[in-house]
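User: Please examine the model shown below and answer a few questions on its sheet and its internal space.

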Amino acid sequence: MASVDVVDETFLAVPPSVVAAAFATPSSWRAFWPDLELDVYADRGDEGLRWTVAGALVGTMEVWLEPMLDGTLVHYFLRADPPAGSFTPRTALREVQRRQLAAKSVALGLKLTLEDGRPAGCPPHG
């Protein structure tokens with residue numbers, strides 16, 4: 001089992017194609033995860049991306065975009081280890097917590113940007 005195992009879900013009230021566009025370019029990946037080097041091994045279009053991860057961690061990462069209600073449920077998975085050696089239990093816990101906060105920050109940043117002030121109860125843009 002990976003020492004860093006992060007799972008997150010966030011609902012965005014926009015269609016999957018709009019969310020997919022936010023992850024479409026490698027420059028967006030660098031902005032979201034600046035210490036990770038990502039290489040796509042599965043581009044699933046409007047269903048998301050799967051990457052191999054190098055850099056600060058080594059493993060795999062996925063953003064799965066699931067159509068739901070009037071928007072998209074963004075599922076995020078990161079399963080990785082340090083590039084050399086291993087984390088102590090305390091360091092692993094801190095790294096997992098740091099990555100959980102970073103994942104939620106990416107998701108909520110996209111929510112603010114992509115929903116563009118959409119009032120609750122109104123249909124999504126896009």
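Analyst: Two strands pair if DSSP finds at least two bridges between them. The model is predicted.

User: Which residue of strand 3 stands opposite Asp39?
Analyst: Strand 2 covers residues 36-43, and Asp39 falls within that range. Strand 2 pairs with strand 3, residues 48-55, in the antiparallel sense over 7 bridges. Opposite Asp39 in strand 3 stands Thr52.

User: Which strands are the edge strands of the sheet?
Analyst: The open sheet has 5 strands with antiparallel pairing, in the order 1-5-4-3-2. An edge strand pairs on one side only, and this applies to strand 1 (4-12) and strand 2 (36-43).

User: What angle does the direction of helix 3 make with that of strand 1?
Analyst: Helix 3, residues 89-115, packs on the sheet and touches strand 1, strand 2 and strand 5 (71-81). Relative to the direction of strand 1, the direction of helix 3 makes an angle of about 20°.

User: How much space lies in the largest cavity?
Analyst: With a cut-off of 30 Å³ or more, the structure holds 1 cavity. The space in the largest cavity is about 80 Å³.

User: Which element gives the largest share of the lining of the largest cavity?
Analyst: The lining residues include Asp8, Thr10, Val74, Tyr76, Ala103, Val106 and Ala107. By class, the lining has 8 nonpolar, 1 polar and 1 charged residues. Two or more lining residues come from each of strand 1, strand 5 and helix 3. The largest share, 3 residues, comes from helix 3.

Key
Residues are numbered from 1 along each chain as its sequence is written. This is a predicted model: local features need pLDDT of at least 70, side-chain atom pairs count only at pLDDT 80 or more; totals for chains, interfaces and linings use all residues. Side-chain values use heavy atoms; hydrogens and water are left out. Helices (H or I, at least four residues) and strands (E, at least two) are DSSP runs, numbered from the N terminus. Contact means heavy atoms within 4.5 Å. Axes are lines fitted to C-alpha atoms, for helices over the stretch in contact, and angles run from 0 to 180 degrees between N-to-C directions. On a 1 Å grid over the protein atoms alone, a cavity is a set of points where a 1.4 Å probe fits but cannot get out, and a pocket is an open set with protein on both sides within 12 Å along at least five of seven lines; lining residues have an atom within 4 Å of a point. Grid points are joined across faces, edges and corners, and a volume is the space filled by probe spheres set on the points. Ala, Val, Leu, Ile, Met, Phe, Trp, Tyr, Cys and Pro count as nonpolar, Asp, Glu, Lys and Arg as charged, and the others, Gly among them, as polar.
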